[in-house]
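Colleague: Could you walk me through this fold with a few questions and answers? I would like to look at it while we talk.

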Amino acid sequence: MRRWTAILLISMLFFVSADAEAWQKYSDRPEENHTFTLPAAGEIEVAFSPDEGSEYLVVKVINSARSEIKILAYSFTSAPVVRALVKARKRGVAVSLVADYKSNVSEEGLEKSRSALSKLVDAGCEVRVISAYAIQHDKVIICDRQTVELGSFNYSAAAAHKNSENVLVNWNNPGLAEVYLGHFERNRQQAVPYVEED
């Protein structure tokens with residue numbers, strides 16, 4: 001018994017030592033600084049879910065747009081959000097969406113997502129899907145290069161009515177919008193146009 005205990009302890013020490021070496025190697029790597037520090041600007045508006053104004057605030061942002069809307073989405077099924085985007089397009093706003101491929105297109109049972117994306121394509125919106133990452137988990141709207149909506153809120157009925165979620169809007173902050181537009185454009189370049197199924 002003592003012999004097996006000794007073998008077990010030696011094995012544990014070896015693995016702990018190996019893990020410590022791996023951690024040390026990782027922790028010694030210089031961390032790249034890609035953060036952005038911006039002065040506070042504009043006005044902040046927040047809302048929460050379920051049924052505490054989060055979806056209303058998202059639609060309010062879309063309705064405020066006069067020239068362009070850029071969206072990064074993970075799950076995209078919200079009928080009120082789709083309707084607001086179609087209305088925005090009809091009043092001449094350029095709408096561009098980059099949605100996560102896996103959570104909206106690639107699997108069975110995603111009819112609501114595919115239908116939502118198709119409605120935007122039919123309305124003349126640019127719709128692209130991205131699979132370059134494990135998931136594109138962004139939930140961001142950038143309006144008129146001025147206003148940024150973000151938070152945990154997926155553009156879905158569950159986010160509006162079932163989940164605990166948050167939405168934060170920074171109105172009239174072009175500096176913040178510019179940073180998020182850079183992130184949007186990076187993902188847009190890695191995405192492909194959404195093609196409706198026959």
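Modeller: Happy to; we will go from the whole chain to the sheet, its strands and its helices.

This is a predicted model, where local features need pLDDT of at least 70, side-chain atom pairs count only at pLDDT 80 or more, and totals for chains, interfaces and linings use all residues. Residues are numbered from 1 along each chain as its sequence is written, and side-chain values use heavy atoms, with hydrogens and water left out.

Colleague: How many helices and strands does the secondary structure of the protein come to?

Modeller: Helices (H or I, at least four residues) and strands (E, at least two) are DSSP runs, numbered from the N terminus. Counted that way, the protein has seven helices and eight strands.

Colleague: What share of the residues of the protein counts as buried?

Modeller: Buried means under 20% relative accessible area, exposed over 50%, and partly exposed in between (1.4 Å probe, protein chains only). The protein has 198 residues, and the buried share is 38%.

Colleague: In what order do the strands of the open sheet lie?

Modeller: Two strands pair if DSSP finds at least two bridges between them. The open sheet has eight strands with mixed pairing, and their order is 1-7-6-5-2-3-4-8.

Colleague: Which strands stand at the edges?

Modeller: A strand at the edge has a single partner strand, so one side of it is left without a neighbour in the sheet. Here that applies to strand 1 (43-49) and strand 8 (192-193).

Colleague: Which residue of strand 6 stands opposite isoleucine 142?

Modeller: Strand 5 (residues 140-143) and strand 6 (residues 147-151) pair in the antiparallel sense over four bridges. Within that pairing, isoleucine 141 stands opposite glutamate 149. For isoleucine 142, the residue opposite is valine 148.

Colleague: Which residue takes a positive phi in the hairpin of strand 5 and strand 6?

Modeller: This hairpin has three residues between the strands. The positive phi is near 55°, and the residue that takes it is aspartate 144.

Colleague: Is strand 2 largely enclosed, and how many of its residues are buried or not?

Modeller: The faces of strand 2 can be taken in turn: Glu68, Lys70 and Leu72 point one way and Ile69, Ile71 and Ala73 the other way, and all are buried. Strand 2 is therefore largely enclosed by the rest of the structure, and its buried count is six of the six residues.

Colleague: Which residue of strand 5 is the bridge partner of isoleucine 69?

Modeller: Strand 2 and strand 5 pair in the antiparallel sense over four bridges. In strand 5, Val140 and Ile142 point one way and Ile141 and Cys143 the other way, and all are buried. The bridge partner of isoleucine 69 is cysteine 143.

Colleague: Which helix joins strand 2 and strand 3 in a right-handed β-α-β unit?

Modeller: Strand 2 and strand 3 run parallel and are joined by six bridges, with glutamate 68 partnered by alanine 94 in strand 3. A crossover is right-handed if, with the strands pointing away from the viewer, the path from the first strand over the helix to the second runs clockwise. The helix of this unit is helix 3.

Colleague: At roughly what angle do the axes of helix 2 and helix 3 cross?

Modeller: Axes are lines fitted to C-alpha atoms, for helices over the stretch in contact, and angles run from 0 to 180 degrees between N-to-C directions. The axes of helix 2 (residues 54-64) and helix 3 come within 9 Å, and the crossing angle is roughly 10°.

Colleague: What does that make helix 2 relative to helix 3, roughly parallel or roughly antiparallel?

Modeller: Angles under 35 degrees count as roughly parallel, over 145 as roughly antiparallel, 65 to 115 as roughly perpendicular and the rest as oblique. Helix 2 is accordingly, with respect to helix 3, roughly parallel.

Colleague: Which residues in helix 5 meet Val82, Leu85 and Val86 in helix 3?

Modeller: The axes of helix 3 and helix 5 come within 9 Å and cross at roughly 10°. Contact means heavy atoms within 4.5 Å. On the helix 5 side, the residues are Ala116, Lys119 and Leu120.

Colleague: How far apart in space are lysine 90 and cysteine 125?

Modeller: Lysine 90 lies in helix 3 and is exposed, with a relative accessible area of 71%. Cysteine 125 is buried, with a relative accessible area of 8%. The two are 35 residues apart in sequence, and their C-alpha to C-alpha distance is 9.9 Å.

Colleague: How many disulfides does the structure hold?

Modeller: A disulfide is a pair of cysteine sulfur atoms within 2.5 Å. Cysteine 143 is buried, with a relative accessible area of 1%. The number of disulfides in the structure is zero.
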